[in-house]
Amino acid sequence: PDVVALDEKTKDVLSMGQLEVLTRISSTESLKIDVPVFLLVGSQDLIFCGGPLDCATSANVLAFESSFFSPSASLQVLAVSDTAHDLNLHRNAQGSYRAMIKWLQRAGYTSSLSSP
């Protein structure tokens, strides 16, 4: 119960990209992004995956999502296996955090973060 309460307390808002997937509304807003983008998705995310988006592999997600981003976004994708929608609540969350931190470091956003 404490984990669910903390998750509820620290949840984030919905992005336009997430809204597009949920509602299948088409928008060109993400094409304006001109900085590197890292998309992390659970391979078993029943909210975003399914239909035209097969999240079984990173390559599948990249192939689907690439058309929504400009080349300057240098889109990189990681589909985390054995993970559904709420990455923070999965037993392999530490691996997701490490992947995020490594990407941030490679992209030059920060050198002060350490992997959990």
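Ser 74 sits in the loop between α3 and β2. The model described here is predicted. Although Ser 74 is not a glycine, its phi is positive, at about 45°. Ser 74 counts as partly exposed, with a relative accessibility of 41%. A second residue of this kind is Asp 82, which is likewise not a glycine and has a positive phi of about 55°. Asp 82 belongs to the loop between β2 and α4. At 58% relative accessibility, Asp 82 is exposed, because the cut-off for that class is over 50%.

The overall fold comes next. The chain contains four helices and two strands. Along the sequence, these elements follow the pattern α-α-β-α-β-α. The chain has 116 residues, of which 27% are buried. Contacts between residues at least 6 apart in sequence were also examined. Of these, 57% join residues at least 24 apart.

The two strands pair with each other. Strand β2 covers residues 76-80 and runs parallel to β1. Five bridges join the two. One of the bridge partners in β2 is Val 80, which pairs with Gly 42. Together with α3, the strands β1 and β2 make a β-α-β unit. The unit is right-handed.

Helix α3 spans residues 58-65 and includes Glu 65. Is Glu 65 buried or exposed? Glu 65 is buried, with a relative accessible area of 11%. That value falls in the buried class because the limit is under 20%. Leaving aside residues up to four places away in sequence, Glu 65 touches three leucines: Leu 39, Leu 53 and Leu 75. Of these contacts, Leu 53 and Leu 75 also appear in the largest nonpolar core.

That core has 11 residues. Its valines are Val 37, Val 41, Val 61 and Val 77. Leu 53 and Leu 75 are the leucines, and Ala 73 and Ala 79 the alanines. Phe 69, Cys 49 and Cys 55 complete the set. In soluble globular proteins, nonpolar side chains tend to be buried together. Val 41 illustrates the contacts made by a core member. Not counting residues up to four places away in sequence, Val 41 touches Cys 49, Cys 55, Val 61 and Ala 79. Leu 78, Val 80 and Leu 87 are also among the contacts of Val 41.

Two of the core residues are linked covalently. The structure has one disulfide. It joins Cys 49 to Cys 55, with an S to S distance of 1.9 Å. The angle about the S-S bond is -90°, and the link of Cys 49 and Cys 55 is left-handed. Both cysteines are buried. The relative accessible area of Cys 49 is 15%. For Cys 55 the relative accessibility is 2%.Aromatic pairs were searched for across the whole structure, and two were found. Phe 38 and Trp 103 form a stacked pair. The ring centres of Phe 38 and Trp 103 lie 5.5 Å apart, with 10° between the planes. Why does this pair tie together parts that are 65 residues apart in sequence? The reason is that Phe 38 lies in strand β1 (residues 38-42), whereas Trp 103 lies in helix α4 (residues 93-106). Trp 103 is buried, at a relative accessible area of 8%.

Phe 64 and Phe 68 form an aromatic pair that is tilted. Here the centre-to-centre distance is 5.7 Å and the angle between the planes is 55°. The pair counts as tilted because stacked planes are under 30 degrees apart and edge-to-face planes over 60. Phe 64 is partly exposed, with a relative accessible area of 24%. Phe 68 is also partly exposed, with a relative accessibility of 27%.

Conventions
Residues numbered from 1 in each chain as written. Predicted model: local features only at pLDDT ≥ 70, side-chain atom pairs only at ≥ 80, totals over all residues. Heavy atoms only, no water. Phe/Tyr/Trp six-rings, centres within 6.5 Å; stacked < 30°, edge-to-face > 60°. Buried < 20%, exposed > 50% of the residue type's maximum accessible area, 1.4 Å probe, protein only. Contact = heavy atoms within 4.5 Å. Core = buried A, V, L, I, M, F, W, Y, C linked by side-chain atoms within 4.5 Å. Pairing = 2+ DSSP bridges. Right-handed = clockwise from strand over helix to strand, strands pointing away. Disulfide = S-S within 2.5 Å.
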